[in-house]
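Biologist: I'm new to this one. Could you walk me through how to read it, feature by feature?

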Amino acid sequence: MATQISKTDFRDAMARVCAPVNIVTTDGPAGRGGFTATAMCSVSDEPPTLLVCMNGRSTQAAMFLANRRFCVNVLTHDHMHLAGKFAGATRDMEARYSAARWQTLTSGTPALSDAIVNFDCEIEDVHVVGTHNVMIGRVIDVRHGSGGSALLYVDRNYTQPTRLGSFGG
């Protein structure tokens, strides 16, 4: 049987994994909310499905589950200030939303107007794994936005991709 690693060792190891930064939003009968997430990925293209992980102890967890919909907004490097606000630097939800331009997508979720891409999703399933809700979202609409440089998170810092020289002989 494998030895269990500590929470700190796992977090330190995961900090070395580069991930795109997203703001995940919702709106509906339970209210409007949003949080910053790097734990998002594609699940399937048939049907188009993705997953987002959200801390189940978040004050917004029940809202997302009750609304049964969310939008993943993939951020550009210019959105670093907004990522911080939605990560908790700004507690007031209205102040978070007033810091950017938004539009409403098919499901009624707020979509960041100048995001790289917006994925409008209906929650198809939720799995509780440890401290987090893994929300499986069926993508019902996609909006292609800006062509800006992606905002990435690695080594507990925001960064952006750099262009590598051409390969070949």
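Biologist: How much space lies in the largest pocket?

Modeller: Rolling a probe the size of a water molecule over the atoms shows where empty space is left. In this predicted model, the largest pocket holds about 1500 Å³ of space.

Biologist: Which residues lie nearest its centre?

Modeller: Look for Arg11, Thr38, Ala39, Asn55 and His132, out of 36 lining residues. By type, that lining divides into 19 nonpolar, eleven polar and six charged residues. Helix 1 (7-14), helix 3 (80-89) and helix 4 (93-98) are among the elements that each supply at least two lining residues, and so are strands 3, 5, 10 and 11.

Biologist: Now the nonpolar core. Which members of the largest one touch the most other members?

Modeller: In soluble globular proteins, nonpolar side chains tend to be buried together. Here the largest core has 16 residues, and Val24, Phe35, Leu50, Val52, Phe70, Val72 and Met135 touch the most other members. Strands 3, 5, 6, 9 and 10 each supply at least two of the core's residues. Try clicking on Val52: its contacts include Ala39, Met40 and Asn133. There's also a second, separate core of eleven residues, Met93, Tyr97, Ala115 and Leu151 among them.

Biologist: And sheets? In what order do the three strands of the open sheet come?

Modeller: Strands of a sheet pair through backbone hydrogen bonds, either parallel or antiparallel. This open sheet runs 1-11-12, with antiparallel pairing. Strand 1 (19-20) and strand 12 (157-159) are at the edges with a single partner strand each, so one side of each has no neighbour in the sheet. Strands 1 and 11 pair over two bridges, and Pro20 has Leu152 of strand 11 as its bridge partner.

Note on methods: Residues are numbered from 1 along each chain as its sequence is written. This is a predicted model: local features need pLDDT of at least 70, side-chain atom pairs count only at pLDDT 80 or more; totals for chains, interfaces and linings use all residues. Side-chain values use heavy atoms; hydrogens and water are left out. Two strands pair if DSSP finds at least two bridges between them. Helices (H or I, at least four residues) and strands (E, at least two) are DSSP runs, numbered from the N terminus. A nonpolar core is a set of buried Ala, Val, Leu, Ile, Met, Phe, Trp, Tyr and Cys residues joined through side-chain atoms within 4.5 Å. Buried means under 20% relative accessible area, exposed over 50%, partly exposed in between (1.4 Å probe, protein chains only). Contact means heavy atoms within 4.5 Å. On a 1 Å grid over the protein atoms alone, a cavity is a set of points where a 1.4 Å probe fits but cannot get out, and a pocket is an open set with protein on both sides within 12 Å along at least five of seven lines; lining residues have an atom within 4 Å of a point. Grid points are joined across faces, edges and corners, and a volume is the space filled by probe spheres set on the points. Ala, Val, Leu, Ile, Met, Phe, Trp, Tyr, Cys and Pro count as nonpolar, Asp, Glu, Lys and Arg as charged, and the others, Gly among them, as polar. Lists of a residue's contacts leave out its neighbours within four places in sequence.
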